[in-house]
Amino acid sequence: MTAALAWLGVVVLHATWLGVATAAVAAIALRWLGVDRPRRRHGVALAALLIVPPAAIAVTLAPPPLAATIAGAGETTETAPPLAAQARVPAAGEARLSLAPATPWIGLAWLLGAAWGALGLAVASGRVERLRRAARPLAVDDAERLLARARRHLDFHRPVAMARSSAVGVPTLIGWWRPLVVLPSALLDRVPDEELECLLIHELAHVQRADVAWNWLQVLVEVALFFHPAARWLAQQVRHERECCCDAVVPPRQADLVAYVRALTRLAAADRAAASPALSASGGTLVNRIERLVDPTAARPTCSLGLCFTLVLGAVAGGATLWLCDVEECPVPLEVEASAEQQLAAAMPAAPARAPLKFIDHEGNEVSPNGPDGQPRAFGFFTDEHGQDFAVLLGPDKAPPRKRPEAPIPFLDLPDDGTDDPGAGTDGC
């Protein structure tokens with residue numbers, strides 16, 4: 001369990017600096033693109049946000065760069081120490097800061113925060129589902145009459161349901177597979193048809209772009225990166241550019257633009273609270289959206305140079321910190337230094353393996369270490385100038401001892417002194 005929490009902690013640490021790095025790239029790209037290309041701006045911001053979690057996991061699973069360098073240096077596995085030890089043992093006198101003791105606590109804190117965010121997302125999803133069930137469906141004829149112009153303008157023929165509810169203050173899109181456009185009851189009674197048709201063009205553009213599905217994926221990434229301010233900034237940019245993309249499909253005629261700006265102005269005073277999985281027509285920075293529609297050619301501030309520089313500096317500082325620090329437990333204690341004798345022994349080449357012992361007689365012929373009776377023989381040992389060990393047989397082989405009778409026979413009980421003379425060692429008869 002502790003190892004899993006430590007691994008999660010390392011992923012969170014990498015996600016921190018990678019989130020700043022992707023935000024820096026996105027800020028520079030948004031500044032270069034300008035404000036008149038909302039589709040590309042939306043794609044850049046969304047890609048920068050969605051790439052952070054898989055990139056953090058990939059960096060965590062990747063081998064250490066120093067280990068990869070040593071592995072490619074041509075050292076063999078017989079003489080080189082393990083790569084993990086090479087990558088983690090610093091040079092003599094080098095002090096390294098270790099974040100390994102804190103990684104399990106970081107992983108635990110992330111689990112608690114992600115669980116809280118997932119709970120909030122579940123509550124919001126339940127609220128959206130209750131809104132879907134409580135909304136009163138519009139008659140098919142009325143819905144198609146309101147959607148007729150939007151369908152012709154967008155060339156969109158997918159079925160879309162419409163309903164009205166007093167629980168929402170702005171037009172809200174729910175669902176992607178079975179889309180439902182919920183209109184405020186007060187809006188249907190007070191807003192002219194031309195303004196309502198422009199708002200429905202905006203909502204059908206969301207359906208055509210599958211923005212609800214992308215919004216779900218974005219919300220899940222936001223839950224995973226709940227701790228990251230750069231991720232929240234990217235999410236805000238995604239929402240704003242998404243609304244600008246749908247604003248851009250409104251007919252460019254002067255009457256339609258005036259009607260749409262009036263409709264957005266009405267929404268600015270309405271209740272703009274919408275659940276996370278749903279999309280409302282008042283999302284994004286409403287004042288900036290109206291300014292874009294009124295004067296598309298006017299110069300507007302985008303990502304400043306100070307913001308880009310700050311994000312780049314933060315990404316470099318975060319990546320360098322993790323590069324210089326240990327984020328995993330060191331398998332070899334860093335404070336243990338080898339003694340002079342151990343260092344000398346490690347530097348000296350290993351002694352070659354000795355040849356097996358040879359058993360020979362006085363003439364140099366190889367013999368068996370045991371005699372014919374299976375008993376071990378007597379040998380003398382010496383080593384020649386080449387380091388070969390020899391065992392030389394001492395004296396001739398002894399004849400196997402004669403088997404003594406079960407009962408002693410005085411006349412045949414010869415002494416067993418190794419001589420063949422029957423009279424030796426006796427006094428005779």
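User: How far does helix H12 reach from its first C-alpha to its last?
Analyst: This is a predicted model, in which local features need pLDDT of at least 70 and side-chain atom pairs count only at pLDDT 80 or more, while totals for chains, interfaces and linings use all residues. Residues are numbered from 1 along each chain as its sequence is written, and side-chain values use heavy atoms, with hydrogens and water left out. Helices are DSSP runs of H or I with at least four residues, strands are runs of E with at least two, and both are numbered from the N terminus. H12 covers residues 254–268, which makes 15 residues, and its reach is close to the span expected at 1.5 Å a residue (1.5 Å times one less than the number of residues), namely 21 Å.

User: Which helices do the buried residues of H12 pack against?
Analyst: A residue is called buried under 20% relative accessible area, exposed over 50% and partly exposed in between, using a 1.4 Å probe and protein chains only. The buried residues of H12 are Asp256, Leu257, Ala259, Tyr260, Val261, Ala263, Leu264 and Leu267. With contact taken as heavy atoms within 4.5 Å, these buried residues pack against H7 (140–154), H9 (193–208), H11 (229–247) and H13 (286–294).

User: At what angle do the axes of H1 and H6 cross?
Analyst: Two packed helices are described by the angle between their axes and the distance between the axes. The axes here are lines fitted to C-alpha atoms over the stretch in contact, and angles run from 0 to 180 degrees between N-to-C directions. Angles under 35 degrees count as roughly parallel, over 145 as roughly antiparallel, 65 to 115 as roughly perpendicular and the rest as oblique. The axes of H1 and H6 (residues 103–134) come within 6 Å, and they cross at roughly 80°.

User: How many nonpolar residues does the contact of H1 with H6 hold?
Analyst: On the H1 side the contact includes Leu5, Val10 and Leu13, and on the H6 side it includes Pro104, Ile106 and Trp110. Ala, Val, Leu, Ile, Met, Phe, Trp, Tyr, Cys and Pro count as nonpolar, Asp, Glu, Lys and Arg as charged, and the others, Gly among them, as polar. The contact has no charged residues and four polar ones, and its nonpolar residues come to eleven.

User: How many disulfides are there by the distance rule?
Analyst: A disulfide is a pair of cysteine sulfur atoms within 2.5 Å. The sulfur of Cys246 is 6.7 Å from the closest cysteine sulfur, in Cys245, which is too far for a bond. Cys245 is buried at 1% relative accessible area, and Cys246 is buried at 0%. By this rule, the number of disulfides is zero.

User: Is Asp155, which has a positive phi, buried or exposed?
Analyst: Most residues other than glycine have a negative phi. Asp155 is not a glycine, although its phi is positive at about 55°, and it lies in the loop between H7 and strand E2 (161–165). With a relative accessibility of 57%, Asp155 counts as exposed.

User: Which residues does Arg39 touch?
Analyst: Arg39 is found in helix H2 (residues 38–50), and at 53% relative accessibility it counts as exposed. Its C-alpha atom is separated by 9.3 Å from that of Cys246, although the two residues are 207 residues apart along the chain. Not counting residues up to four places away in sequence, Arg39 touches Arg209, Cys245 and Val249.
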